[in-house]
Amino acid sequence: MDEYHGSDGERSVPRRTILAGSALTGLAALAGCLDGDEASGPDPVTIEDGTNCDNCTMPIVDYPGPVGEAFYDDAEALLDEDRPAQFCSSLCTYAFTFEHEDDQEPSVTYATDYSSVDYEIDTDGDAPEITSHVEADDFAPITDLTLVVDSEVEGAMGPSMIGFSDTDDADAFQADYGGDLYEHGDVSRDLVMSMM
């Protein structure tokens with residue numbers, strides 16, 4: 001490698017190297033900021049036994065299927081206390097969000113990520129039901145999930161929206177149990193209401 005010397009004879013670093021290093025540092029910082037914006041807001045929390053759904057009032061941990069939680073900047077205005085809104089199903093998560101969207105948008109919304117848990121399908125009842133997972137580590141930002149909507153597998157509210165952070169997992173689940181694939185941005189109020 002060639003050595004570069006300044007006018008005083010000292011070794012110096014070429015200007016191009018400094019510019020390239022500065023650019024890389026700036027890109028790394030920008031990437032860090034963008035990652036933070038993607039899931040801005042508090043981390044998910046475990047849903048405790050005895051907690052009722054903020055949309056339908058059913059006890060969350062007593063029912064099967066995906067669950068959710070949403071964090072609001074002014075939670076007291078919606079919930080009369082400072083805590084995340086918590087839900088017995090992804091349907092209730094979306095229904096509550098749509099119901100209150102004119103008042104507040106959540107800073108972040110989480111739902112069960114079935115790519116990150118060991119789930120089971122219970123086939124003993126009238127319809128297959130998927131297990132519920134309520135630990136903080138079981139959640140992912142709902143914007144990061146591919147949802148299998150209205151498959152033959154049910155949750156707390158019957159028809160379900162089962163989320164996977166790995167699209168291959170969503171594809172495999174859909175191949176086994178039917179339903180349609182949706183991204184978060186494609187979920188509408190009409191779709192949610194048609195399933196409730």
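Which residue stands opposite leucine 147 in β10? Select leucine 147 and then glycine 163: glycine 163 is the residue opposite leucine 147 in β10.

The model is predicted, so local features need pLDDT of at least 70 and side-chain atom pairs count only at pLDDT 80 or more, whereas totals for chains, interfaces and linings use all residues. Residues are numbered from 1 along each chain as its sequence is written, and side-chain values use heavy atoms, with hydrogens and water left out.

**Stop 1: the sheet around β9**

Select β9, residues 146-149. Helices (H or I, at least four residues) and strands (E, at least two) are DSSP runs, numbered from the N terminus. Together with its partners, β9 forms an open sheet of three strands in the order β10-β9-β11, with antiparallel pairing. Two strands pair if DSSP finds at least two bridges between them. Add β10 (161-164) and β11 (180-183), the edge strands, each of which pairs on one side only. Averaged over the sheet and ignoring direction, neighbouring strands are turned by 30° against each other. Axes are lines fitted to C-alpha atoms, for helices over the stretch in contact, and angles run from 0 to 180 degrees between N-to-C directions.

Next, display helix α4, residues 167-177, which packs on the sheet and touches β9, β10 and β11. Contact means heavy atoms within 4.5 Å. The direction of α4 makes about 10° with that of β9.

Now follow the bridges. β9 and β10 run antiparallel and are joined by four bridges. Four bridges also join β9 to β11, again antiparallel. On the β11 side, threonine 146 has glutamate 183 as its bridge partner, and valine 148 has leucine 181.

Show the side chains of β9. In a regular strand the side chains alternate between the two faces of the sheet. Both faces of β9 are covered: Thr146 and Val148 on one side, and Leu147 and Val149 on the other, are all buried. Buried means under 20% relative accessible area, exposed over 50%, and partly exposed in between (1.4 Å probe, protein chains only).

**Stop 2: the four-stranded sheet**

Select β3 (68-71), β4 (85-87), β5 (108-112) and β8 (139-141). These four strands form an open sheet in the order β4-β3-β5-β8, with antiparallel pairing. Its edge strands are β4 and β8, each pairing on one side only. Neighbouring strands in this sheet are turned by 20° against each other on average, direction ignored.

Zoom in on β3 and β4, which run antiparallel and are joined by three bridges. Here glycine 68 stands opposite phenylalanine 87 in β4. Add α3 (90-99): this helix lies across β3, β4 and β5, running at about 140° to β4.

**Stop 3: the salt bridges**

How many salt bridges does the structure hold? There are three, a salt bridge being a side-chain nitrogen of Lys or Arg within 4 Å of a carboxyl oxygen of Asp or Glu.

Select arginine 83 and aspartate 54, whose side chains meet in a salt bridge at 2.7 Å, N to O. Arginine 83 lies in the loop between α2 (75-79) and β4, and aspartate 54 in the loop between α1 (15-38) and β3, so this pair ties together parts that are 29 residues apart in sequence. Arginine 83 is partly exposed, with a relative accessible area of 25%.

Add glutamate 81, whose side chain meets that of arginine 83 in a salt bridge at 3.2 Å, N to O. Glutamate 81 is partly exposed, at 41% relative accessible area.

Move to glutamate 101 and arginine 189, where the side chains form a salt bridge at 3.1 Å, N to O. Glutamate 101 is in the loop between α3 and β5, and arginine 189 is in helix α5 (residues 189-195), so the pair ties together parts that are 88 residues apart in sequence. Glutamate 101 is partly exposed at 32% relative accessibility, as is arginine 189 at 35%. Through shared partners, salt bridges join Asp54, Glu81 and Arg83 into one network.

**Stop 4: aspartate 122**

Finally, select aspartate 122 in strand β6, residues 121-122. This residue is partly exposed, with a relative accessible area of 38%. Not counting residues up to four places away in sequence, aspartate 122 touches Ala127, Pro128 and Glu129. A polar atom of the aspartate 122 side chain lies 2.9 Å from the backbone nitrogen of aspartate 124.

Notes
Polar contact = N/O pair within 3.5 Å; in protein donor to acceptor, adjacent residues only side chain to side chain.
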